[in-house]
Structures are given as structure tokens and as C-alpha cells.
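Dear colleague,

I am handing over the structure below, together with some notes on what was found in it. Please have the sequence and the model open beside this message as you read.

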Amino acid sequence: MADPSPTPRKAVIVGAGPVGCLAAISLAKTGWNVDIYEGRPDMRLPSSKAAAQQRSINLAISARGIAAIEAIQPSAADRFLKAVIPMRGRMIHHVDGQQESQTYDRDGQCINSIGRGFMNEDLLTEALALPNVCAFFNHRVLSVDFDGRTMAVRDSDTGKEIEVPFDFCVGADGSYSIIRRQLMRVVRMDYQQEYIPHDYLELKMPAGPPTDIGGDPTYLLDPNHLHIWPRHTFMLIALPNKDKTFTCTLFAPTADFDLLRTPEAIIEWFSTNFPDALPLIGEKALLDDFARNPRSSLMTIKAKPYHYKDRAILLGDAAHAMVPFYGQGLNCGLEDVRVLDILLREEAVDPDISVPGEVDERLARALDRYSAGRHEDLVSICELAMDNYVEMRHSVVTLAYLFRKTLDNV
Ligand code: FAD
């Protein structure tokens with residue numbers, strides 16, 4: 001006799017970043033039992049928030065990312081749209097201190113600055129509010145046996161290694177993905193990883209003083225622009241935060257960073273190249289950030305295919321890390337979830353239908369269509385991101401660019 005109430009199959013999501021959390025919501029809503037395994041502690045704990053301050057605290061979310069969240073969890077999209085700071089154009093800061101606004105769109109379309117931690121925590125909270133989603137923090141996935149449908153996981157609280165069974169595995173574990181590396185053992189994956197010769201370092205620009213006694217702090221720069229100090233081979237950018245501060249990111253060749261070894265060299269270099277930004281950031285804060293914040297590398301990852309049979313798929317940076325100059329890395333990762341959600345529905349994948357030891361042909365077909373249909377778009381956006389680095393640090397201040405922009409606006 002058939003089981004009257006079959007147990008839904010188990011999807012394991014590796015990584016509780018924004019992509020993993022949105023994927024958890026998407027799969028749980030279509031009936032899967034979802035377990036999230038995250039190597040780090042719960043990001044909602046105060047101790048985790050302090051550590052997270054070292055990573056870029058804001059990012060630009062565009063129509064692509066908002067549409068994806070809207071499709072999966074409309075209430076979260078509404079909240080994010082209320083929390084963003086719209087950036088309607090670039091503000092170019094010339095060396096002589098002159099500022100020049102270049103709007104993105106004639107009809108007022110914009111990109112939006114949003115707190116990375118706020119968005120990630122919100123999506124995690126939404127996922128965990130669903131009755132069929134659980135999360136295991138401090139649980140790092142070590143290896144996967146895709147054919148046996150089990151993974152080895154280390155619980156860093158107890159130091160024990162456990163075996164976790166799964167039906168479907170989603171690798172949303174970022175650019176150094178273990179799931180991608182494990183997939184390479186069973187899939188003929190074409191894979192390319194390319195570092196650029198530039199590093200980045202994050203700096204904080206504080207809020208300005210209130211205009212009236214007892215009033216609120218103010219922004220030191222126009223908050224409705226993405227600020228850029230293009231200097232041809234390197235650049236500084238700044239995105240606004242809700243607390244009236246800006247997060248600045250310095251992108252420069254490793255060799256240039258290597259020259260900035262002493263406080264004097266750093267101040268001298270900033271006063272030559274970013275004379276208007278230096279007093280806004282403040283010399284002490286600048287030196288503190290240089291001493292404290294990590295200097296990180298940037299890379300592009302291209303892979304194909306993204307899946308194995310009916311049991312694993314890579315989403316987000318695990319599948320396509322890209323340089324951040326087009327502001328599309330996360331937007332694209334969120335879109336991955338939307339595209340997968342559509343395909344799983346189109347193929348009528350039913351998590352209640354158990355297929356022990358067999359291949360779920362519908363799920364396999366959905367994943368196959370995902371890899372085949374998504375690859376060209378992902379490669380294009382990785383390349384656009386690379387091209388935009390030259391645009392942001394160099395082309396925006398060349399005569400040819402300004403001439404073309406003038407024609408666009410005629
Ligand atoms: P991640 O956010 O990297 O999350 C992966 C998670 O997996 C982590 O929590 C990690 O702890 C966990 N994990 C890893 N390995 C394991 C394991 N073995 N077991 C268990 N858990 C594991 N994108 C934009 O769209 N707009 C921007 O403006 C933008 N700005 C950026 C600026 C900078 C400087 C950088 C570097 C990137 C920027 N990006 C931007 C890109 C964006 O940050 C990434 O695309 C996004 O964070 C990817 O999300 P994710 O969920 O795929 O991966």
C-alpha cells in the first residue's frame with residue numbers, strides 16, 4: 001500500500017550567504033525539507049556582527065536582484081526597497097577637487113546601496129521562519145559523495161565529523177566553494193579562475209556633524225551618487241550607508257599597495273591622489289583602517305556545467321565569482337535562484353515523490369536546462385564586470401567617453 005503522507009525529500013544548502021538563504025526559501029516553498037549548513041557562526045549573533053564589519057558592509061543592488069527577491073519572497077523585496085539608498089549616477093571626483101555628476105539613466109532608473117549584513121540576516125530570518133527550513137551553524141562541509149548522497153561535515157562546536165544524507169545538494173558556498181571542487185571529481189567541468197593584478201581595501205568615511213544643535217548627523221558627500229575617484233590605474237569608490245557614513249573601497253595594483261608601508265607614505269599618497277577624500281576620511285581613521293582591514297584579492301571564476309545528474313547544483317559565487325566593478329555579483333547570484341525556481345516548476349519537480357537510489361528525471365532535466373541556458377549569460381556578465389573596471393578607473397575621465405555621453409544626452 002502506498003504511503004499516504006510521503007516525507008518530502010531533503011535539500012541541503014551549503015552556505016548561508018544571501019544566495020543560499022534565497023535558495024532555501026525557494027526550495028522550501030516548493031515543498032522540500034531544507035537544511036542549511038554554514039561553516040561560520042550565526043550572523044545574527046552580536047559577536048558575528050563585529051567580525052562582519054571587516055567585510056564590505058554595503059553593496060549595490062539593482063533591478064536584477066530586486067526582481068529575483070520579488071519573485072521568491074515579495075515581502076523581503078518590499079522591505080529592502082524601503083531600506084535602500086538610491087544612487088542615480090556616478091559622482092566623478094577629479095584630482096583638482098571638482099565633482100562631476102554622470103547620471104545612469106534619463107528616466108531616473110538607479111542602483112541602490114543596501115547593507116550587506118542587513119540583507120543577509122533578513123533573508124536568513126525569512127528562511128528560518130518557514131517550518132521546513134533548519135540551519136546548522138559552525139558546520140563546515142568537508143567532502144561530498146554525490147553518488148552515495150552523503151556529505152562529511154565538521155561540527156566546530158564539538159570537533160566531531162558527522163555524515164549528512166541528502167537528496168539534493170545546493171552549493172552556495174562562495175568563490176572558494178568546496179562543493180564545486182567536489183563536483184569536479186565526478187563531472188567533466190570546464191573551469192577557469194583568473195586573478196586580476198589589483199587588490200582592494202575598505203575604508204570608512206564617517207558621518208558629518210549635525211547642521212543644528214541636537215540634530216542628526218549628515219552625509220559628507222551627496223548620498224544619491226556612487227562616488228568615484230578614477231586615477232587610471234587605480235581608483236577609490238564610496239557608497240552611502242543609512243547611518244550617514246560611506247564605505248570607501250580602494251582598488252589598486254598589488255605593487256602600488258606594497259609601496260604604502262609607512263603612515264607617511266599612505267598620507268602622502270592620499271593627499272596627492274585623493275586630496276578631497278583625505279580630510280573627509282580623516283588621517284587617523286585612514287591609518288587605522290590600513291592597519292586593521294584585510295587587503296583582499298579579486299578574481300573571476302567561470303565553470304560549466306553547474307550541476308551533476310539530479311543531485312547537485314552550484315549557485316552564486318560558487319558558480320561565477322566576478323570582479324565587483326559592475327556591481328552584479330550578488331544580483332546575478334540572486335537571479336540564479338529565480339531561474340532555477342522557474343525551471344523546477346516548469347519540469348514539475350515534486351519533492352514528495354521519493355526516488356531512492358534512482359535518478360529523478362524531472363529534476364535532472366531541470367538542472368540540465370539550467371546549466372545549458374544560464375552559462376552564456378553568466379560568462380557575459382563576468383566579462384562586462386571586467387570591462388567596467390577600465391571604464392570606472394579610466395574611461396569615465398577620457399575625452400572620448402565624455403563626448404559619447406554628451407551625444408547620448410542630446
Ligand atoms: P557568499 O556571500 O560568499 O556566501 C557563501 C557562504 O558559504 C559563506 O557564509 C561561507 O561562510 C559559507 N561557506 C563557505 N564554505 C563553506 C563550507 N565548506 N561549508 C559550509 N559553509 C561554507 N555584488 C553585487 O551584486 N553588488 C555589489 O555592489 C557588490 N559589491 C562587491 C564589492 C566587493 C569588494 C566584493 C568583493 C564583492 C562585491 N559583490 C557585489 C559581490 C558579492 O559580494 C557576492 O557576489 C555575493 O556575496 C555572493 O553571495 P553568495 O551567497 O553566493 O556567497
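In this predicted model, strands 9, 10 and 11 form an open sheet in the order 9-10-11, and their pairing is antiparallel. Strand 9 and strand 11, the latter covering residues 160-165, stand at the edges of this sheet with a single partner strand each, so one side of each has no neighbour in the sheet. From one strand to the next, the twist averages 25°. The antiparallel pairing of strand 9 with strand 10, which comprises residues 150-155, runs over six bridges, and a bridge joins His139 to Asp155 in strand 10. As general background, the strands of a sheet pair through backbone hydrogen bonds, in either a parallel or an antiparallel way.

There is also an open sheet with the strand order 3-7-4, which is made of three strands and is again paired in the antiparallel sense. Its edges are held by strand 3 (58-61) and strand 4 (85-87), and because each of these has a single partner strand, one side of each is left without a neighbour in the sheet. Neighbouring strands here are turned against each other by 35° on average, when direction is ignored. Strand 4 pairs with strand 7, residues 111-115, in the antiparallel sense over three bridges, and Pro86 has Asn112 of strand 7 as its bridge partner.

Turning to the ligand, which parts of the chain each supply at least two residues of the shell around it? These are helix 1 (18-29), strand 3, strand 9 (139-145) and helix 12 (329-346), so that strand 3 and strand 9, which you have already met as edge strands of their sheets, appear here once more. There are 28 residues around the ligand, and those that come nearest are Glu38, Ala60, Arg116, Asp317 and Leu330. Sorted by class, the shell holds 12 nonpolar, 10 polar and six charged residues.

Some individual distances may help you to find your way around the ligand. In the side chain of Asp317, an N or O atom is 2.7 Å from an oxygen atom of the ligand, while a backbone N or O atom of Gly329 lies 3.4 Å from a ligand oxygen atom. A nitrogen atom of the ligand, for its part, has a polar side-chain atom of Arg140 at 3.5 Å. On its own the ligand has 1,000 Å² of accessible area, and the protein covers 89% of this.

With best regards

Definitions and conventions:
Residues are numbered from 1 along each chain as its sequence is written. This is a predicted model: local features need pLDDT of at least 70, side-chain atom pairs count only at pLDDT 80 or more; totals for chains, interfaces and linings use all residues. Side-chain values use heavy atoms; hydrogens and water are left out. Two strands pair if DSSP finds at least two bridges between them. Helices (H or I, at least four residues) and strands (E, at least two) are DSSP runs, numbered from the N terminus. Axes are lines fitted to C-alpha atoms, for helices over the stretch in contact, and angles run from 0 to 180 degrees between N-to-C directions. A residue is near a molecule or strand if one of its heavy atoms lies within 4 Å of it. A polar contact is a pair of N or O atoms within 3.5 Å; within protein, one must be able to donate a hydrogen and the other to accept it, and residues adjacent in sequence count only if both atoms are side-chain atoms. Accessible areas come from the Shrake-Rupley method with a 1.4 Å probe; for residues, only the protein chains shown count as cover. Ala, Val, Leu, Ile, Met, Phe, Trp, Tyr, Cys and Pro count as nonpolar, Asp, Glu, Lys and Arg as charged, and the others, Gly among them, as polar.
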